[in-house]
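Student: I'd like to go through this one by asking why things get the labels they do. Can we start with the empty spaces inside?

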Amino acid sequence: MLYRRAGIRHTSYPKERQLWPLPFDRYLVTAVALFLLAAPFLVDRLYLVAYLLPWIIWSMAALGLNLLMGGAGQIHLAYGAVMAIGAYTSVHLVRAGVPFEFALVAAGLMSAAIGMIFGVAALRVKALYLAMSTLAMQYIVDFVISHSPAISGGTQATIQVPPVSFLGIALEGDLPMYYFALAVCVVVTLFMLNVQRTAFGRALAAVREKDYAAEVIGVDTFKYKLLAFWTSSFIGGVVGAVLVVSYLRSVSPDQFHIELSVQIVAMVIVGGLGSVLGSFFGAALILFTPIVLNNLVGALASGLGIAMSADLRAHIPLMLYGAMIVGFLVLEPLGLAKIYDNVRNYFLVWPFRHARR
Amino acid sequence: MAPPPQSDEIVLACRDVELAFGGLRALKGLGFDIARGEIFGLVGPNGSGKTSMVNVVTGFYRAQSGTVHLFGEDVTRLKPHRIAGRGVARTFQNLALFRGMTVLDNILLGRHVHMRAGALPSLFYWVWALRHEVAHRRAVEELIDFMQLQDIRDEPVEVIPLGLQKRVELARALAADPRLLILDEPMAGMNQEEKEYIARFILDAREERNTTVLLIEHHMDVVTSICDRVMVLSYGESIAQGRPAEAIADPRVVKAYLGERAAARHKGVAA
Ligand SMILES: Nc1ncnc2c1ncn2[C@@H]1O[C@H](COP(=O)(O)OP(=O)(O)OP(=O)(O)O)[C@@H](O)[C@H]1O
Ligand SMILES: [Mg+2]
């Protein structure tokens, strides 16, 4: 079968450590990468901008949050606020004439710095309290942004993003913006994949699994939780900048409210805590299912000639959506990534039943 | 109060360690030295304070008074990870492996103190982390061979039998190349053959890796055959210190283990 592991022998540690040790996985990744590269020429502009681009950006956000939630086991309900800080930082810097390359890094640094201030406070408490204190961060950041005219340009104001260029390429029009987001996404994805196979990721996992055992092998648990907070917030800031520059094109406070934070938390959980692949699955599911269900219900209603009140018509997809998420989590609490993994393991050893990892 | 010895031949020196949980005095002014290269046994009936003593040494419990010196330096108030950073590794009485991770990853984590574990090596993996990771992987594979864990290196730790889990935890501790290795009942629940395995590993660790060992153990046969010296605890007090056979034969020790009446009978039989 396609996935067969039999006959594959690695003869060196670097070989065994490569990202996709099985040829089939490599083919699959190559195919997906080629598709994403060629997408602007393969798919309709509308689909590119309305589906592929947000999927890439939201997946990045899910990846960043997953480092903290799946990697270090710390919940964070203010990732939208973290992205807001990055978004506003980059936009203001760009408007002040700072090159976008710097603005992008500064966005990450600013999010990381402010995220850390809350992190230091939040990490002194555990679980539910951590959830509460990050929630407080969300509201404080929301409030500060919308009530400081210097940042938001006044309540209900929208700031346009001026034209920017990245490494000499003007980010104008759909194509460069898509490729720019894709490039950042590749970097973030590779980073996350590498985290999982290096000492950093193992130390985080140790902190997540058993903090006293982590201490005994020399892991400074507080430092690593903070480091996870820092890194995750940095990624969040960068994603915020990418979001406004290549997708939203303008920035206003209401784009980053608690809804966004909850949406990203949902992506991480539904996709699979700690899974890189799961972040992409989760983002796709959370972003697109409402649209698909909406169209489906609409088509059904008109196709079958069922008279439906507009109210019901609007709510049925939402209920189905909620039911589906619950269903997925009941079916496989470890998320979509685990479902994929199960299927993959099945084929790895087909026609036998038991997979050795 | 005897001053802590200055020589770095003394690996661990505890002085007048007092530890209380509320009204319960778990350690009542304990003091002992462990010399370099020694296998030092800590024995005593259940609840006598052996684990508590080790928890004080490794920074998990904070003694109300008394001092702990490690390699001549005061470490009494240091956090556990700092003490680990000074070359102390330990295992736990009731296992503290990382569930969900493979045996290999668990042992690799033992090398944490020697690794660059920041976020940047992950970003620049190919230039910055790959060689480093592979080098440590080699060291761990040597240990896997030494501890005969080859077959299970890719298994998640929670699926392997308890005896092997204990061995993995010992391997994780050894992976740190510790100067002082603390083992809290590494042979609990093992059969004779497995016990001998572990005893062999401990002796080899000392021969080949120059490790000093503090061993908590209930099996007296093991204690007498591999420990150089022992300290016997009873209700948080040291009731005997010295060569294992002598310490264990001490009347107070017999009494602590068997109870007053049984000890008297024991004497009668022995006489
Ligand atoms: N965290 C704690 N809180 C309260 N009491 C404790 C705590 N840890 C230990 N004790 C008490 O301190 C005393 C010594 O316990 P300790 O675990 O050190 O004994 P031990 O010699 O290791 O026994 P065992 O052979 O059963 O492992 C016991 O009475 C125990 O109940
Ligand atoms: Mg104990």
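Tutor: Sure. Helix 7 and strand 7 (180–184) of chain B each supply at least two residues to the lining of the second largest cavity. Keep in mind that this is a predicted model.

Student: Which element gives the most to that lining?

Tutor: Helix 7 of chain B, with three residues. The lining includes B:K166, B:E169 and B:L170, along with B:F92 and B:L183. By class it has five nonpolar, one polar and four charged residues, and the space inside is about 50 Å³.

Student: How do you know where this second largest cavity lies relative to domain 1 and domain 2 of chain B?

Tutor: Look at who gives residues to the lining. Domain 1 (1–87 + 178–271) and domain 2 (98–177) of chain B both do, so the cavity lies between them.

Student: And what lines the largest cavity?

Tutor: Residues from chains A and B, among them A:V216, A:I217, B:V88 and B:R172. Its volume is about 80 Å³. Strand 6 of chain B gives the most here, with three residues.

Student: Let's turn to rings. Why is the pair A:W55 and A:F280 called edge-to-face?

Tutor: There are 15 aromatic pairs over all chains. For A:W55 and A:F280, the centres are 5.8 Å apart, and a pair needs centres within 6.5 Å. Their planes stand at 65°, and over 60 counts as edge-to-face, so that's the label.

Student: What makes this pair a tie between parts 225 residues apart in sequence?

Tutor: A:W55 lies in helix 3 (residues 45–71) of chain A and A:F280 in helix 13 (residues 276–303) of chain A, so the pair ties those parts together.

Student: Is A:W55 buried or exposed?

Tutor: Buried means under 20% relative accessible area. A:W55 is at 18%, so it counts as buried. A:F280 is at 16%, so A:F280 is buried too.

Student: Why is the pair A:Y212 and B:F92 edge-to-face?

Tutor: The centres are 5.2 Å apart and the planes are at 80°, over the cut-off of 60, so it's edge-to-face. This pair crosses between chains, from helix 10 (residues 211–216) of chain A to the loop between strand 6 and helix 3 (103–110) of chain B.

Student: What makes A:Y212 partly exposed?

Tutor: A:Y212 is at 34%, between the 20% and 50% cut-offs, so it's partly exposed. B:F92 is at 9%, under 20%, so B:F92 is buried.

Notes:
Residues are numbered from 1 along each chain as its sequence is written. Chains are lettered from A and ligands numbered from 1 in the order in which they are written. This is a predicted model: local features need pLDDT of at least 70, side-chain atom pairs count only at pLDDT 80 or more; totals for chains, interfaces and linings use all residues. Side-chain values use heavy atoms; hydrogens and water are left out. On a 1 Å grid over the protein atoms alone, a cavity is a set of points where a 1.4 Å probe fits but cannot get out, and a pocket is an open set with protein on both sides within 12 Å along at least five of seven lines; lining residues have an atom within 4 Å of a point. Grid points are joined across faces, edges and corners, and a volume is the space filled by probe spheres set on the points. Helices (H or I, at least four residues) and strands (E, at least two) are DSSP runs, numbered from the N terminus. Ala, Val, Leu, Ile, Met, Phe, Trp, Tyr, Cys and Pro count as nonpolar, Asp, Glu, Lys and Arg as charged, and the others, Gly among them, as polar. Domain bounds come from an automatic or database domain assignment. Rings of Phe, Tyr and Trp (its six-membered ring) pair if their centres lie within 6.5 Å; planes under 30 degrees apart count as stacked, over 60 as edge-to-face and the rest as tilted. Buried means under 20% relative accessible area, exposed over 50%, partly exposed in between (1.4 Å probe, protein chains only).
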